[in-house]
Amino acid sequence: MFSALQHQIGDVSSPAELASNSFEMDAISEEVSFYGKELLGRGFVTTKDLQIGWTIIGFSALQLMCGVLVLWILIHMQMFHNAFGMFCAARTIVEMMSSLLHLSYSGPMTVTQVNAITPIIPMIVGFVAYSLMGISCALHVQLTLNRFVAVYFPLSYASVFSKRNCKYIVAMDVIMMMGLASLFYLVPCNVMGYSPSYHGFIILACRNGSDRPFPIGTVLNFICQYALCIGAISIDCLTLFKIAMIDRKKGKLKDTKYNRNVRFFAQSAFQNVPMLLNVVFLSISNYSTADNVQVHRVLNFLLARFADFINAVAIIMFNPEAYQFLWENIKKKRIRPSVISNEFATTPQTTHLVSV
């Protein structure tokens, strides 16, 4: 894939090398010989850069810390030893990887506006970040489907979401989303990356200045908005309808399993909100560098960081047992960085899924 990317962009030189060759290069020749400069910093920092950059760093750091706690809860609480907990753990890990990427690259680059790097780096960052974002969205859809099956087909739940099937589903989501992200670099004139000067993901113009023959970014936005986001919300509406019907039948005879299904549904539905807003702003900005979509481009990127943070804390917010379990262990001083890291290293990976 990246050999095709290299073929598209040609020889990529860093700004420092270009500057040493000629400080008086005119705008046209610079555009031709320095393809990808839009993905680099502008060389000086503004107040807006600092505000956006530190916001990225803040949300990423918070998500990483909350993600560690959530994984600790998922490992130690029996109520999450099921398919729902497995999908939550997979999504948390994916979003922690995304936060680590933005904590180490996007945030610092936005704060410093460094331009002495080769454009191939933000292109690779764009591929990895988009892949992780897509995998997270796909896993959210799996959580939505999981609640749908648990409510509508409780007797089939264990067979549909067996441990083996869950592994296949996660692997399928990873392969599918990485394949979709690779289209940015395989389809001509659609190279995408993170730009610290534009504060978001952008697609570079064609190298020769011609019109883009096929807007792959628009197509992928359509898939994310309708197939994933709107699809998840539609399934949640059907799940809510079934829960309301069960509620009418059971009256005051609701059991623990029913209450847990309601909370798991509420958690999944709540997480639709930042995801939907993120996709809406992504569709409006459409990876453009135009000034009239600057606000949408920035909001899209920041909402993605906020959504990762919300996804991490939602398990604690919507499950009192998780909050109480966490608080009790904090009081007993069982939750310390050294303890958590040791337990992650020694926890056996043979936990069996139980039905929900």
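Which side chain of opposite charge is nearest to R147, a buried residue that has no salt bridge? In this predicted model, the answer is D236, which lies 8.3 Å away from R147. R147 is found in helix α6, and its side chain does have a polar partner, since a contact of 2.4 Å joins it to the side chain of N146. With that residue as a starting point, the rest of the chain can be introduced step by step.

The protein chain has 356 residues, of which 48% count as buried. Its secondary structure comes to 14 helices and two strands. Among contacts with a separation of 6 or more, 81% are made by residues 24 or more positions apart.

The interior is a good place to look next. The largest nonpolar core holds 80 residues, and the members touching the most others are F80, Y130 and F184. Helix α6, spanning residues 120–152, gives the most to this core, with 17 residues. Apart from this core lies another one of five residues, including C66, F309, A312 and V313. Leaving aside residues up to four places away in sequence, F184 touches Y130, N190, V191, M192, I203, I216, G217, L220 and Y287. Y130 thus appears both in the list of neighbours of F184 and among the three members of the core that touch the most others.

F184 is also one of the buried residues of helix α8, along with C166, I169, V170, D173, M177, A181, S182 and Y185. Helix α8 covers residues 163–186, and its 24 residues reach 35 Å from the first C-alpha to the last, close to the 34 Å expected at 1.5 Å a residue. The loop between α8 and β1 (192–195) holds C189. This residue has a positive phi of about 65° although it is not a glycine, and C189 counts as buried because its relative accessible area of 16% is under the 20% limit.

A similar backbone feature is found in the loop between α5 (83–112) and α6, the place of Q113. Phi of Q113 is near 55°, again a positive value in a residue other than glycine. With a relative accessibility of 1%, Q113 counts as buried. A further positive phi, of about 55°, belongs to N286, just after α11.

Helix α11 itself runs over residues 272–285; its 14 residues reach 20 Å from first C-alpha to last, close to the 20 Å expected at 1.5 Å a residue. Its buried residues are N272, P274, M275, N278, V279, F281, L282 and S285. Several of these meet a residue of another helix: N300, found in α12 (residues 294–318), touches N278, F281 and L282, not counting residues up to four places away in sequence. With N278 the link is also polar, the two side chains making a contact of 2.5 Å. N300 counts as buried, at 4% relative accessibility. N300 can also be placed relative to H199: the two are 101 residues apart in sequence, and their C-alpha atoms are 9.7 Å apart in space.

Charged pairs complete the picture. How many salt bridges does a search of the whole structure find? The search finds two. One joins the side chains of D49 and R42, at 2.3 Å from N to O. The two partners differ in their surroundings: D49 counts as buried, at 0% relative accessibility, whereas R42 is partly exposed, with a relative accessible area of 28%. The other links R305 with D308, the closest N and O atoms being 3.6 Å apart. An α-helix has 3.6 residues a turn, so residues three or four places apart point the same way. R305 and D308 are separated by about one helical turn, because they are three residues apart in helix α12. Both ends of this pair count as buried, R305 at 4% relative accessibility and D308 at 8%. R147, the residue of the opening question, is likewise buried, yet has no salt bridge.

Methods. Residues are numbered from 1 along each chain as its sequence is written. This is a predicted model: local features need pLDDT of at least 70, side-chain atom pairs count only at pLDDT 80 or more; totals for chains, interfaces and linings use all residues. Side-chain values use heavy atoms; hydrogens and water are left out. A nonpolar core is a set of buried Ala, Val, Leu, Ile, Met, Phe, Trp, Tyr and Cys residues joined through side-chain atoms within 4.5 Å. Buried means under 20% relative accessible area, exposed over 50%, partly exposed in between (1.4 Å probe, protein chains only). Helices (H or I, at least four residues) and strands (E, at least two) are DSSP runs, numbered from the N terminus. Contact means heavy atoms within 4.5 Å. Lys and Arg count as positive and Asp and Glu as negative; His and the chain ends are not counted. A salt bridge is a side-chain nitrogen of Lys or Arg within 4 Å of a carboxyl oxygen of Asp or Glu. A polar contact is a pair of N or O atoms within 3.5 Å; within protein, one must be able to donate a hydrogen and the other to accept it, and residues adjacent in sequence count only if both atoms are side-chain atoms. The expected span of a helix is 1.5 Å times one less than its number of residues.
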